[in-house]
Amino acid sequence: RHALDLGEPSSGANNISIFQNPNHTYSLPGTFSITLITSNQFGCTDSIKHTVVIHPLPFANFNSTTVCLGNASCFTDVSTIALGDSITGWSWIFDDSISGNNNISHLQNPCHTYTASGSYNVILTATSNNGCQSNVNQSVAINSSPLASFTTSSVCLNAITGFHNTSLNSIQWTWNFGDAGTSILQNPSYTYTTNGTYSVTLIAVSSAGCKDTMQDTITVYPLPMAKFSADSVCLGHPTSFSDLSVVLPAGNVTGWHWDFGDIPSGANDTSSLQNPSHLFSTSGNYSITLTATSNH
């Protein structure tokens with residue numbers, strides 16, 4: 001016969017066993033004194049005592065922050081264990097199988113960049129210096145990011161530039177037009193005051209505060225400087241006009257429209273030649289208008 005005192009009075013009736021090779025699950029950590037009393041068929045007894053150490057379990061726990069897709073989610077281990085023992089091992093499963101080998105980590109405080117937005121069930125297993133383990137599951141959210149996008153076109157100086165916002169998953173927009181001009185409208189218009197090439201930046205923001213940025217360049221072309229010279233002639237002789245128009249700092253004049261102010265001359269009152277001649281119908285002073293058009 002056998003009687004085994006397991007040294008844990010708080011376990012009640014389970015503190016005693018009469019099995020030859022019993023099992024017992026201790027409810028608390030600590031050092032316990034085990035007494036085994038054996039007897040034979042003649043009633044003779046003997047006893048022996050041993051101590052057993054029950055190590056504490058770690059309490060696995062961690063903190064994390066909600067991030068936007070494309071940013072690393074960082075995890076802070078806050079696991080604890082009873083005084084006298086320590087946590088020496090960590091095993092993380094990020095629930096992101098598409099990331100391959102990056103789906104697991106054995107760092108204490110790892111970071112992981114998820115491959116898609118959504119909710120993930122992260123598992124941390126904490127291991128003590130005595131090999132005891134516990135784990136915890138927590139849900140981590142990865143917010144989807146907006147896609148910043150816009151279209152526009154190059155314009156001539158003093159013309160209104162329109163910006164068409166084609167961003168996805170966004171509710172706020174910040175524009176920088178590259179010359180200190182800004183806007184928070186969804187589809188703004190803007191007039192540049194100086195010709196040149198500008199880098200336009202759009203920052204799109206989602207309802208969760210995630211951001212995406214797009215940059216594109218726009219060229220504001222210089223205006224041509226219309227100018228001409230003409231001869232003073234006698235009635236009955238054609239007047240010759242010489243185009244002196246230029247585009248500064250760069251460009252070419254490729255179109256001309258002349259209005260000679262001589263309505264009685266009918267269809268001959270205008271010309272699209274660069275250097276035309278005109279026979280005025282009567283003597284007098286005429287207001288001549290030249291409209292020059294650049295290659296843009």
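In this predicted model, Ser73 is found in strand E7, which covers residues 73-77. Ser73 has 0% relative accessibility and so counts as buried, the cut-off being under 20%. Setting aside neighbours within four places in sequence, the contacts of Ser73 are with Val67, Pro110, Cys111, His112, Tyr114 and Ile142.

Stepping back to the whole chain, the secondary structure is easy to sum up: 0 helices and 29 strands. The radius of gyration comes to 44 Å, well over the 19 Å that the globule rule gives for 296 residues, so the chain is more spread out than a compact globule. The C-alpha trace tells a matching story, with spans of about 155 × 30 × 25 Å along the principal axes. Of the 296 residues, 32% count as buried, and Ser73 is one of the buried residues. The chain exposes about 17,500 Å², with carbon and sulfur atoms supplying 52% of that area. As for contacts between residues at least 6 apart in sequence, 51% of them join residues at least 24 apart.

Towards the start of the numbering sits a hairpin. Strand E3 (residues 30-39) and strand E4 (residues 45-54) run antiparallel and are joined by 10 bridges. Within this pairing, Leu36 of E3 stands opposite Ile48 in E4. The hairpin has 5 residues between its strands, and Gly43 takes a positive phi there, near 85 degrees.

Further along the chain come two open sheets, each built from 3 strands. One of them has the order E23-E24-E28, with antiparallel pairing. Its edges are strand E23 (228-230) and strand E28 (277-278), each of which pairs on one side only. Strand E24 (residues 239-243) meets E28 over 2 bridges, again in the antiparallel sense. Here a serine faces a serine: Ser240 stands opposite Ser277 in E28.

The other open sheet runs in the order E27-E26-E29, and its pairing is antiparallel too. Strand E27 (270-271) and strand E29 (289-294) are the edge strands; each has a single partner strand, so one side of each is left without a neighbour in the sheet. Between strand E26 (residues 253-259) and E27 there are 2 bridges, and the two strands run antiparallel. Asp259 stands opposite Thr270 in E27.

The loop between E26 and E27 holds Ile263. Despite being an isoleucine, Ile263 counts as exposed because its relative accessibility is 70%, with the cut-off at over 50%. Ile263 and Phe280 lie 17 residues apart in sequence, and their C-alpha atoms are 9.6 Å apart in space.

Nonpolar side chains also turn up together at the surface. Met225, Val246 and Leu248 make a nonpolar surface patch of about 270 Å². Of these, Met225 belongs to strand E22, a short run of residues 224-225. Met225 has 48% relative accessibility and therefore counts as partly exposed, since that class lies between 20% and 50%. Set side by side, Ser73 is buried at 0%, Met225 is partly exposed at 48% and Ile263 is exposed at 70%.

Technical notes:
Residues are numbered from 1 along each chain as its sequence is written. This is a predicted model: local features need pLDDT of at least 70, side-chain atom pairs count only at pLDDT 80 or more; totals for chains, interfaces and linings use all residues. Side-chain values use heavy atoms; hydrogens and water are left out. Patches are made of residues with over 30% relative accessible area and no salt bridge: like charges are joined within 9 Å, nonpolar side chains (Val, Leu, Ile, Met, Phe, Trp, Tyr) within 5 Å. Accessible areas come from the Shrake-Rupley method with a 1.4 Å probe; for residues, only the protein chains shown count as cover. A salt bridge is a side-chain nitrogen of Lys or Arg within 4 Å of a carboxyl oxygen of Asp or Glu. Helices (H or I, at least four residues) and strands (E, at least two) are DSSP runs, numbered from the N terminus. Buried means under 20% relative accessible area, exposed over 50%, partly exposed in between (1.4 Å probe, protein chains only). Two strands pair if DSSP finds at least two bridges between them. The radius of gyration is taken over C-alpha atoms; the globule rule is 2.2 Å times the number of residues to the power 0.38. Contact means heavy atoms within 4.5 Å.
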